[in-house]
Structure formats: C-alpha cells, structure tokens
Amino acid sequence: MLHILSFLSMAAGVIYLVVGVNTYTLNKKSTIGKAFLVLTASLALWSFSYSHAYVADNIYAFSFWNKLSVFGWCLFPALTLYMVFTITESRFLESNLKCTLLFAPAALFCFIDLFLFLPDKPYPDGIYQFFEIANPIYSYIYTLIGMVRLVLWQHKTPYKIIKKQVRIILWTSSCTYLLSVAGEFVIPHFIPSFINCTQIYGVIMIIGIYRAIRKYNFLLTPNELIVGELFEETMDFEFLVNLNGMITRVNRQVLQTLGYGLEDFMSVTFAELLNEENGIRFHEWITEDNIDTTHCKNVRIRTKSGENIPVNMSIVPIRNSRNDLILGYLIIAQDIRAMEELKREMLSHQETMIKLKESEELFRTLTETIPYGIICTKKADKTIFYANKNAEILFKYDFNSCKNMNVEEFYHSKAFRERLFHLIQKEDKVINQVGMMKRSDGEFLAMISMAPAIYKGEEVIFACITDITEQNRLKKNAVKSEEMLNKLMDSIPDPVMVTDIEGRIRYCSKNVESFLGYGAEEENFPKNILDFLEEGKNKEDKSKLTQILLSDVNIIQTTYRKDGGKIGIAEVKASALRDEDKEAFGYVFVARDITEYKKKEEKLARRKAEIEKMNQQLLKSNEVFKQKAEKDSLTNLYNHEYILTLLKKEVNQQHYRPKRLAVMMLDIDYFKKVNDTYGHQTGDKVLMKVSEIIQSCIGEDNYAGRYGGEEFLVILREDQTEESALAVAEKIKERISNCIFENSELRVTISIGLALFHGESVHELIKEADKLLYQAKCNGRSRIERSIKHDN
C-alpha cells in the first residue's frame, strides 16, 4: 500500500510542476500567475518528499523527507489564501504587516517541525499537543476562508466569465477540501491505519484551476495578448481598458494631446475622463451583453488642464480567437474640434442665405461674390437651375451648357444626399454636413450647408459647398499655421506671451487678461517681458534675458503686479524660438500663478518644522522612559527584571552560537553595618561607587545589574574561560577593597560567586552563582568562589 501511495504522490508532484510551469509561461508578467507557480511548486515539493517518506526504511530517512516536505504542507494554506486575495483584489494585501501575519502560522509550524521534533529525541509533550491541534485548524480555516472569499467575489462580480472561472475552482477546491477533512477526522475512526494524502487530493483542485486557465483565460491579462496588434501610430486617441473599465494602455496621441503622463492613468477608469452623464453610460456600453461595436457621437473627453475635447468614439470588444470570450475593450476616439469649427463657420452664412429670399438680384450678386460654390436645385425633381462661378470651378463643370442636370450626379452616394434632404425636411433650417462629392477628375471631401427656401413660388434647396480636402489633410497631419497656433494658445489655460529677441511682447493669449486683471490693449500693460518678469524688483539690463534663456527651457519664479496693485507670485516657463540655423529669434513665455501654492508651501514647511521639533522631544522622552524601564535609578546599572531578561537572551543564543558564558553574583560584605554606622545616605553613595567600579571593570560588551539591595549580577558574554572570568572578578574585588570613599575611615570588601555556563537553564545558572556567593561568605568573605565544573 505504501508503494502505491509513493507512486501516486510522485505522479501528483509531476502534475503540479507541469501545470505550474505551463501556466507561468502563458503570462510571465501576471502577479497571479507567479503566485500560482509558487503554490504548485510547494505542492510538488510536498508530493516528491512524501513519495520517498512513504517507503523510507528507517526513522532518520523518514525524518529527512518529512522535514523537506514541511516547506510544502506548511506553506500550502497560506499560499492558497494569498493567491485568492490576489485574484479577488483584496485590500488585505495592501498592508505589509497583514501579509506578514498571513504567513506567520506557516513559519511557526515550520520552525516547530524542523527544530523541535527530532528523530532520536522524544517530542516535547506540550508542544506536540499544540502542534497536533493548531496545525489542522490553521490549514482548514485558511482554506475555508479562501473558498468563502471566492464565493463572495463570484456573487459580487457582474462578469459571466469570472463567474464561470470561480465556479470551476470552487467545485474542485471543495472536492479536495472535503476529501482532506474526511481523511483527517472521519475515516481514521473506521480505519485506524488510514493515511491522509492531502498532497494527492490537491491534484483535483489544481486541475480545476488549470481548466479555468485554458478554457476561460483565467490569470491572463487581456492587454498583454493583444496590445502588439492594436497600438500603431495613428492620429486618433486610442485607449485599452479591461473588463472593469480600468485604463491599461494609451497611445502616444493621448499623451501628447490630452496632456497626461503615463503615471496619471494608473488605477484610473475611462469613465473618469468623461462628464458625469457619459461616465454613467460608459459602464452600460462595456457590459458583457453588449457584444457589438458601440459608436458614440459628440462625447466630451477631459484633458489634464480641464478642457473638454469633443470626440466621436467607437468601443470595440476585444475577443479571444479560441473561445470568443471578451478580454477587454479598445476605445478609438476621433478629435472633431476642427469639424465643429468648420460647422460654426458655415453657420455664419445663414444670414446671407435668408436674405437671398428677398431679392434675386441681391441673391445673384452675393452668390457670385461669396467664395463658395453655390448650387440651387428644385426640390421636386432635384434638377439644378442655378450654379455660381465658384461652383463651376469647384466641380470643373459648365452648368449653363447643360440644363436640368440632376444634382445627385455630383454626390458620391445618393444615400448621402437623401439623408441631407431628410434632415432639411425634419429640421426646416440650415444644416451642415461633411461628405464626398464627385467631379470630372475624381472625388473631394466637402462641407455642405443646405437650406430650404421658396423661389418664385416653388420649393427649392440652396446648397453652399466648400472643398475641405486640404483642410482635412492639414488637420490629420497636424500642419501648424498661424491661425491654428493662435487658437491653440488661447485654449491653453495659462497665459502665453511671445516676444522678439529684444524681449518686446509681440503676442499675448486671451488668458493674460484674466491673469493680470487687464488686457493687452490697456496703457499699463507691459511692453517688454522684463517689465513683467521683474515687477516689484530692481530691473536689470536686457542681457539677463539672454542669460536665463541660455538653454531651451527655463523655469523662473518672479513677482508680478495685478490690476489694483496687488502683488502675485508667478512661475514662468521660458523657451527660445530658433530658426533653421538654431539661432534664437524670439521667446515664448507661459505663466502660472502660484501665489496660493507658495503660501501653502510655506505653511507646510512651518508645520513640518513644528512636527520635527515635536518628534525630537518625543524621542528624548522615549529615551528617558527606556532608561527608567531598564536601569536602576540609584546605581544606573540594569535593574533586576532587565538583567534577567538579558541573561535569558544570552542563554538562548548559546544553543545556536555557543560562546563561553560566565555569570558572577556579587555582595558587599557587612553592608548593613555601613548603613547602621554611617547612615543610609553614605550607604547609597557606597552602592553608587561600587556599581561604577563594577561597570568599569567588565567593559561595554558585558552586562552588570543590581540584583537586589547590595547584591549585583554580572554577565560576561564574550568567549569567557574560567581563567579570564576569574581575572575580571579579581580585578573587581581588588579595586573595591582599595577604594577610598569620602569618609577616609570607611572601607568595604565584596564577595563573589563565579559560575561558567555548561548548558543549564537561567534559573539553574543563577542558583549556581548564588550558591558559590554563599560559599564565599561562609569561607570568610572578601573572596571569590568559582565553579568546579568543566566542559564535557
């Protein structure tokens, strides 16, 4: 039977190793994958060790394999619970102290099994009984807590895939748990010789977890599987989010345009970048029931500076090609600010379109003057009855040579034109749309403004058409122009100023007015940047401007004067403008008011200084309390309790790092006579002087304490031999005998009992020293009695 168990245990170990390594290679960066690998490794060690322990032919071989397996079966419950906490994202793991306490029972049981249960010595009864009761409680309670945690997590999560994963793990874990409990507490009542094989039952649980991994992508990180295929260099904003909506990756365009850094997206959901209404709807868009791509128009995304950028957004579910499960979502957002700007420009012509109804002459004059293509069609049959010259140039077609031309011939898609017509009927006002148009040499992208009207008693449609192919190309390629630069500067929340090489201000953004309290057109507005930078200070020559701008970007802190004379503090970022030859031809300054920040910074510094002062006082108080807790107030030696604590510590260390240890018990001879003859104050001075002599004789590496009254206890702890310890004792006795006190007639002697440590307990060692002290007293006092024991 034992050989069968040995084979099964060996097979289980192989299964644990194969599953653990295979899972780890699926995703080497996964924290859960690493925890699972350690768990399977501990189970493999347990199984391999017991496969040899079952067939061991003597108690020493069995003890070796059993102690090797202790690292597996002691760590298994703690590792299992740790992995469950990691999977369920428990806040328990955020505390290092809690993590330490989680593994504390495992460390305790490892220590007991390794160092207290020895094959050739009887087990300590109390510790063995504690181990037999506490170890199963620790194992089964930890496992039960992990299973309960998984049940609660399964009930709480809204994701079907997680519910399936947890269901498989719970069923297989329950089987392992019940088999182990039955083998531990039930079956032995019927079969006394039954051997509980939890390391073999664990195969059921590990196979269940492996099933969840392979079929439902458990432990895998979705963005690590697909990120290489999704993030190319595009001008659109791209976000990768997990099933909970947490942002896991963004493309470079997001960082450049929205102004965020990578650290800003740590532990941030995509919903936090949206306004409150869209943030709530976002969680509806990414539910598992929504399996198709979701398109959202005119959604506002917030930049780091607080600006809201309008975008058209598509939410694409990312699926596993093997099992069609949703791994995460790719969000593609197209910046439509330029599109909205074009729409606003086209809306500005609505007034002109209304006036066309009043006069045909005025209509023709305006249409020939306006720099857009104008086409007028009859609503009934869609025929063109008028087109201006700009329309003929735009479409490269002579409309006057061909009467009753159907306008749909110039649309790339008839469906697009029908949609425009439907919008006009629905809205009954000017509409603006972007679409593709046709001409003789190809196609072009156009902005189309259309409005219904009555012309000569007949319903007609006026269309204003502009070729925006080039503008669209410029937008996508981000070509800088003066107009776009001005708009960009005005969109920056901080004021921007541009100067020439002499520092004369040539341009100011609109935000300068809100920053200073007065606009650039007012007389008191600074003409030179030095007037702004050095407001409230002594002005220096213009060469300083060149010095502070020696490198490309500088950050300058300066005061400035607001409207009304109020002085503020500003942080100014200065950058040089350079031509193709790297020569500076001007400068750009971006200012930010940091007055309140500096006030808070100064307040914080003062508060920090106060706290630091309080901490120093507390440290001093703690040191005083520590001295009082450890030292005798009269002699400044260690007190009775603490010298015994130090002795216990030294005796315990002898078991691990044997160093010869000696203990002396000392007593002042006829000390009562000193008190009776000279008074207690003189007696106290004698105690203080004797204590000082003892401490100076033993050095800083050894310990001395007042054991009680006129008795002292000395611990010699550094490689003491009987001869070296005796030399220290002789030195103490000699110096005390020769000591002259304030009263020249007063002399005292001391008796010493010297004992060397030979493996006794603390109590036995003190008792031996005290016995030798008593012998010294009996043999005439002012002498040293030493132990006659020798090392074996």
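**Ring contacts and an antiparallel sheet**

The charged end of K631 is placed over the ring of Y638, at 5.2 Å from the ring's centre. A second contact of this kind involves R781, which lies over the face of Y670 with 4.5 Å to the ring centre. Both come from a predicted model, and the description below moves from these charge-to-ring contacts to pairs of rings and then to a sheet.

Across the whole structure, a search returns 18 aromatic pairs. In one of them, the ring centres of F109 and F131 are 5.6 Å apart and the planes meet at 85°, so this pair is edge-to-face. F109 belongs to helix α4 (residues 96-116) and F131 to helix α5 (residues 125-156), so the contact ties together parts that are 22 residues apart in sequence. Both F109 and F131 are buried. They also take part in a wider grouping, for F109, F130, F131, Y138 and Y142 make up one aromatic cluster.

A further pair leads towards the sheet. The rings of F395 and F444 have centres 5.6 Å apart and planes at 65°, so they too are classed as edge-to-face. Here F395 comes from helix α14 (residues 389-395) and F444 from strand β9, so the pair ties together parts that are 49 residues apart in sequence. F395 is buried, its relative accessible area being 1%; F444 is likewise buried, with a relative accessible area of 1%.

Strand β9 is part of an open sheet of five strands, arranged in the order β7-β6-β10-β9-β8 with antiparallel pairing. At the edges are β7 (384-387) and β8 (431-439), each of which pairs on one side only. On average, neighbouring strands in this sheet are turned by 30° against each other, direction ignored.

Within the sheet, β9 (residues 442-455) and β10 (residues 458-467) run antiparallel and are joined by ten bridges. One residue to look for in this pairing is A453, whose bridge partner in β10 is V460. Towards the other edge, three bridges link the antiparallel strands β6 (residues 373-378) and β7, and T377 stands opposite I384 of β7. These two strands, β6 and β7, form a hairpin with five residues between them. In the turn of that hairpin, K382 has a positive phi of about 65°.

A helix completes this part of the picture. Helix α11 (residues 337-347) lies across β8, β9 and β10, and runs at about 35° to β9. Strand β9 thus recurs in several of these features: it carries F444, is bridged to β10 and is crossed by α11.

Methods:
Residues numbered from 1 in each chain as written. Predicted model: local features only at pLDDT ≥ 70, side-chain atom pairs only at ≥ 80, totals over all residues. Heavy atoms only, no water. Pairing = 2+ DSSP bridges. Helix = DSSP H or I, 4+ residues; strand = E, 2+ residues; numbered from the N terminus. Axes fitted to C-alpha atoms, helices over the stretch in contact; angles between N-to-C directions. Contact = heavy atoms within 4.5 Å. Phe/Tyr/Trp six-rings, centres within 6.5 Å; stacked < 30°, edge-to-face > 60°. Buried < 20%, exposed > 50% of the residue type's maximum accessible area, 1.4 Å probe, protein only. Lys NZ or Arg CZ within 6 Å of the ring centre and 35° of its normal.
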